[in-house]
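User: Could you take one part of this structure and walk me through it closely? I'd like to see how it links up with its surroundings, and I'm happy with a long answer.

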Amino acid sequence: MRKISRDSISLHESYLLAGPSLLWFGLFLLIPLGVISYYSFLTYSSFSVQHTLTLEPWINVVTSATIREVFLETLLTGAAVTLLTLVFGYPLAYYLRFYTSQNGGIILLLFLIIPFWTSGIIRTLGWIPVLGKEGVINQVLLLVGVIDQPLSWLLFSPVSQVLGYLQNYVVFMAAPIYIALTQVDEGLLDASETLRGGPVATFRSVTWPLSLPGVVIGSIFVFVLSIGNFAVPQFLSGGSSTISTLIYTTVNQGLDYPAAAALSLTLLIVIFGIVYLSLRRVDITELARG
């Protein structure tokens, strides 16, 4: 069989191969972004959108103190969720890499994906019968006599938010880290031990630096997904507002599509900026090269 090289593929064949991807990219990303961008410059008046260009939606995004506070809360939430999933996801990935076989680690990692066979909203609402006053946890604690009345702070609180985010995103942190750790040459770990490097020193000087591409990819996944999450802050937070819930409220209560479009694009710009700065610090292509 003739081996196909890069040089043997003509320019016409390259266009044919890239065509479907470019078409998908244009239809489902560039065109919708163009429509949203157009709407962000339209005039809103009395539950209707007038096709008159204006900068008012953007001016409101920049000057509104409420929007700035919600943006700050959203970014802080995303940073906290990212750090929290790293705390739980890294030990999980480390265990799967160094304390299980390769096939066993992959199988156990796949088990974390099983909950994603159901809707994200169902997974989020599933915490209500577990954490509520009449939920499983309170009933068990009452039954064994640990408490004499139901705990009210389990649901619609930071506790329920943390659990909701962890359930949704710990696998997005653990999987890239696990992939990065599988590419760590165990000879380097043995060399560190030979040079009398203890477990902590080996982790700090060898394991952690080599796993950074996976950490960055996982952090990007978790941060982007968490600040755009609607279900957790809507159903488990007890009233805290994020940009996603603010966009939903803007459209659902007032049909203010220009304001919602401006908020969406601002969030997109912020995400691109943060991702760009993250990729400038760590070369994630090392993970692809193995």
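Analyst: A helix here is a DSSP run of H or I with at least four residues, and helices are numbered from the N terminus. With that in hand, let's start from helix α3, which spans residues 65-98 and contains Tyr 95. Please keep in mind that this is a predicted model.

Tyr 95 is a good way in. Its relative accessible area is 45%, so Tyr 95 is partly exposed. Patch members need over 30% relative accessible area, so Tyr 95, at 45%, passes that cut-off. The nonpolar surface patch that includes Tyr 95 covers about 1100 Å², and its other members are Tyr 99, Ile 106, Ile 107, Leu 108, Leu 110, Phe 111, Ile 113, Ile 114 and Trp 117. Which helix gives the most to this patch? That is helix α4, residues 102-111, with five residues. Ile 107 is located in α4, and its relative accessibility of 47% makes Ile 107 partly exposed. If you measure from Ile 107 to Thr 77, the C-alpha atoms are 31 Å apart in space, for a sequence separation of 30 residues.

Back in α3, the next stop is Arg 97. Its side chain meets that of Glu 186 in a salt bridge, with 3.2 Å from N to O. Since Arg 97 belongs to helix α3 and Glu 186 to helix α9, this pair ties together parts that are 89 residues apart in sequence. A search of the whole structure turns up one salt bridge. How do the two partners sit, buried or exposed? Arg 97 has 13% relative accessibility and therefore counts as buried, because the limit for buried is under 20%. Glu 186, at 43%, counts as partly exposed.

Helices α3 and α9 come up together again at the largest pocket. That pocket holds about 190 Å³ of space. Among the 13 residues lining it, Tyr 94, Leu 189, Glu 193, Thr 202 and Thr 207 are closest to the centre. Helix α3, helix α9 (186-194) and helix α10 (199-227) each provide at least two of the lining residues. If you are wondering about the chemistry of the lining, it has six nonpolar, four polar and three charged residues.

So, to gather up the picture for α3: Tyr 95 in this helix is one of the residues of the nonpolar patch, the α3 residue Arg 97 pairs with Glu 186 of α9, and α3 shares in lining the largest pocket alongside α9 and α10.

Key
Residues are numbered from 1 along each chain as its sequence is written. This is a predicted model: local features need pLDDT of at least 70, side-chain atom pairs count only at pLDDT 80 or more; totals for chains, interfaces and linings use all residues. Side-chain values use heavy atoms; hydrogens and water are left out. Patches are made of residues with over 30% relative accessible area and no salt bridge: like charges are joined within 9 Å, nonpolar side chains (Val, Leu, Ile, Met, Phe, Trp, Tyr) within 5 Å. Accessible areas come from the Shrake-Rupley method with a 1.4 Å probe; for residues, only the protein chains shown count as cover. A salt bridge is a side-chain nitrogen of Lys or Arg within 4 Å of a carboxyl oxygen of Asp or Glu. Buried means under 20% relative accessible area, exposed over 50%, partly exposed in between (1.4 Å probe, protein chains only). On a 1 Å grid over the protein atoms alone, a cavity is a set of points where a 1.4 Å probe fits but cannot get out, and a pocket is an open set with protein on both sides within 12 Å along at least five of seven lines; lining residues have an atom within 4 Å of a point. Grid points are joined across faces, edges and corners, and a volume is the space filled by probe spheres set on the points. Ala, Val, Leu, Ile, Met, Phe, Trp, Tyr, Cys and Pro count as nonpolar, Asp, Glu, Lys and Arg as charged, and the others, Gly among them, as polar.
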